[in-house]
Every structure is written in C-alpha cells, then in structure tokens.
Amino acid sequence: MSNVNDEFNRFNIDIPDENVCMFSSSYTQDNPEVIDTTRFIYETSPEKLGDSIVYPAFGCHLVTGGSAVFVAEGNEHKIEVGDVFFTFPMIPFGFKNIEGLKYLYVNFVGAGAELILASVGISRRQTVYKKVSDLIDIWFLALGKCNSGNLRLLAKGVLYYSLAMLPCEPNGKSQKREENIAEIIRKSIDISYHNHDLSIEYYAQKYGYNSKYLSRKFADAFHTPFSEYLKSCRIGHACVLLAETTRTIQDVATAVGYHDPLYFSKVFKNQMKQSPTEYRKSQKK
C-alpha cells in the first residue's frame, strides 16, 4: 500500500498499488434526467492500455499520481496530480510521455449525462480542469467503501461532487468558451440527439438562417457534414445502450432518435459493420 502526496491526501488514506475495478450490472434510462454509473476504477498501469482507448460511456477521471500528456481528438493536454479530465462515448483517447501516471475514474451513461456536463461547461473542446481541490481523498474513501450493493450510489456521489467543484462561471459556461452558430448546433446535437426532428432545416428555422448556409458553416467548422455528425452521435449513444443495457432494439432506436427500428438497424450496420444484435453479442464476450 502507498500514500498519495500529503497535499492531496489529508486523511492519510492507504492507497492500493494494483488496479481496483468495481462494476455495476444494472442500469436504467427511462428518465431523461437519469445518470447511472457503470464502473469505478483505479488505474495504475495506463501504459498497458495502448495508444487508442475507447469506452462506450462517458468518463470522469481524477489524476492521483505522476503525469502524462492526455491526447484526444488531436488535442494534447499535460495532466498531473489533482487534475480532472473527461472522455466521451466512442471517442478514442490516449496518453503520451507517461511518468508514473495513476488515476481514478467513473464511467457513466444515461440521457442526462450530456445535460449535466453542458450545465457546467464541459464539452469535447473543454475536457481538462487543473488542480481541482479536495477530490483525491474523497474518491479513495468512496472506492474503499464500495461493494456491489452501494457502487452506483457511491460512484454517482463522487461524480456529482466532482462536477460541483469544477471552476465555471455562474451561468454554467466554460471560462474559455466562445460560441458561434456551428458550435451552438453541435452542442445541441450532443444534448438532443434523441429528438427525432433534428435536421439542418430544423436549426435553420430555429435560428433564422438559410439551411444551405448553415450546412456549409457546420461542415467548415467540424470537417464533417451535419448529417454525418448527427448519425455518428446517435450511433455512438446506441452503442452505449446496446453494451450496457438489455433494452430492445426498438427501444434503443427510439432512445437515439430513430422512429423506424429497421432503418436504425440498417444505419447501424452501415456505420459499425455489425448489426445491433451482433454488436451487443460482441460486447458480452
């Protein structure tokens, strides 16, 4: 057993030297405000995970030892003890220049995940928060008390507490965020992907723009057409539901914005090279 630096470990908690993994097998998504936690992990050997790590869920990570360069979507951030960083479903990430890196993380899913992240300014462009105070001891205390009966509650507790401790402006916007219309639409898709009515015409009418102009602005800003981004977002969330729940294909289709389950299955297979059923089976292995 080892101790975290005294600056971050005021309670002198004994810290395990090996990975600690806690998993939850149950999950609900009926309420659009629901967030459920699926994993509470202490990772001590990230160098063994490879250069491209992909999870079918959101991740809130807390660095407890060492340092590294966190890499995601072409962006690089130096991370060290006390920093918090976030990952997103089906978005690859990795680490460079690892020097004794260790971290705790909670995976979480649910329709409410995008909403609560957006409420505190977290997005795929704002993923790292430096030296968030008084978190390490709380996370390790929670991990030490975890069992199969209380995992979801404890993991959710540290997640919500950590989100509340992040530095953000009173209106919930990131300190560095400066939105334009393309970014507004992208964030709306990330939050409202389940809305069957989403289309470039929907946003053109909502914000008073020409649809062709909006389509061009979006493609220029994110180097992908609006329809492709929307499809990828929906299929990414479908992967989470298929991997983490037992919901029917029809329910999954509806939850990610598709009226027709047959059309959803066709789009899914096109994107993932597997049918929804095949994908679900592959995740159980």
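The paragraphs below lead through a predicted model of one protein chain, from its overall make-up to single residues.

Because the model is predicted, local features are reported only where pLDDT is at least 70 and side-chain atom pairs only at pLDDT 80 or more, while totals for chains, interfaces and linings use all residues. Residues are numbered from 1 along each chain as its sequence is written, and side-chain values use heavy atoms, with hydrogens and water left out.

The protein chain holds 10 helices and 7 strands, where helices (H or I, at least four residues) and strands (E, at least two) are DSSP runs numbered from the N terminus. Of its 285 residues, 49% count as buried; here buried means under 20% relative accessible area, exposed means over 50%, and partly exposed lies in between, with a 1.4 Å probe and protein chains only. The surface that the chain exposes comes to about 14,100 Å², and carbon and sulfur atoms supply 49% of it; these areas come from the Shrake-Rupley method with a 1.4 Å probe, and for residues only the protein chains shown count as cover. If one takes the contacts (heavy atoms within 4.5 Å) between residues at least 6 apart in sequence, 71% of them join residues at least 24 apart.

The interior can be described through its nonpolar cores, each being a set of buried Ala, Val, Leu, Ile, Met, Phe, Trp, Tyr and Cys residues joined through side-chain atoms within 4.5 Å. The largest of these cores has 34 residues, of which Phe-40, Phe-86, Ile-122, Trp-139 and Leu-163 touch the most other members. At least two residues of this core come from each of the strands β2 (36–43), β3 (58–72), β5 (84–87) and β6 (93–109), and likewise from each of the helices α1, α2 (136–145) and α3 (151–165). A second core, separate from that one, has 32 residues, among them Phe-226, Cys-233, Cys-239 and Ala-243.

Phe-86 also appears among the contacts of Thr-127, a residue in the loop between α1 (112–119) and β7 (128–129). Thr-127 is buried because its relative accessible area is 8%, and, when neighbours within four places in sequence are left aside, its contacts are Phe-70, His-77, Val-84, Phe-85, Phe-86 and Phe-88.

Charged side chains offer another way to follow the fold, since a search of the whole structure finds 10 salt bridges, each defined as a side-chain nitrogen of Lys or Arg within 4 Å of a carboxyl oxygen of Asp or Glu. In one of them, the side chains of Arg-152 and Asp-36 meet at 2.8 Å, N to O. Arg-152 lies in helix α3 and Asp-36 in strand β2, so the pair ties together parts that are 116 residues apart in sequence. Arg-152 is partly exposed, with a relative accessible area of 27%, whereas Asp-36 is buried at 1%.

Lys-131 and Glu-80 form another salt bridge, with their closest N and O atoms 3.5 Å apart. This pair links Lys-131, in the loop between β7 and α2, to Glu-80 in strand β4 (residues 75–80), 51 residues away along the chain. Asp-83 and Lys-130 likewise meet in a salt bridge, at 2.6 Å from N to O. Asp-83 is in the loop between β4 and β5, and Lys-130 is in the loop between β7 and α2, so this pair ties together parts that are 47 residues apart in sequence. Asp-83 counts as buried, at 0% relative accessibility, while Lys-130 is partly exposed at 43%. Through salt bridges that share partners, Glu-80, Asp-83, Lys-130 and Lys-131 are joined into one network.

Towards the end of the chain, helix α10 (residues 276–283) has Pro-276, Tyr-279 and Arg-280 buried. Seen down the axis of α10, its buried residues fall within an arc of 100 degrees, so they line one face of the helix; this arc is that of the directions from the helix axis to the C-beta atoms. The residues on that face pack against α7 (226–244), α8 (249–255) and α9 (261–272).

Finally, two residues can be considered for their backbone angles. Most residues other than glycine have a negative phi. His-223, however, has a positive phi of about 55 degrees although it is not a glycine; His-223 sits in the loop between α6 and α7 and counts as exposed at 74% relative accessibility. Lys-273, in the loop between α9 and α10, also has a positive phi, near 65 degrees, and Lys-273 is exposed, with a relative accessible area of 66%.
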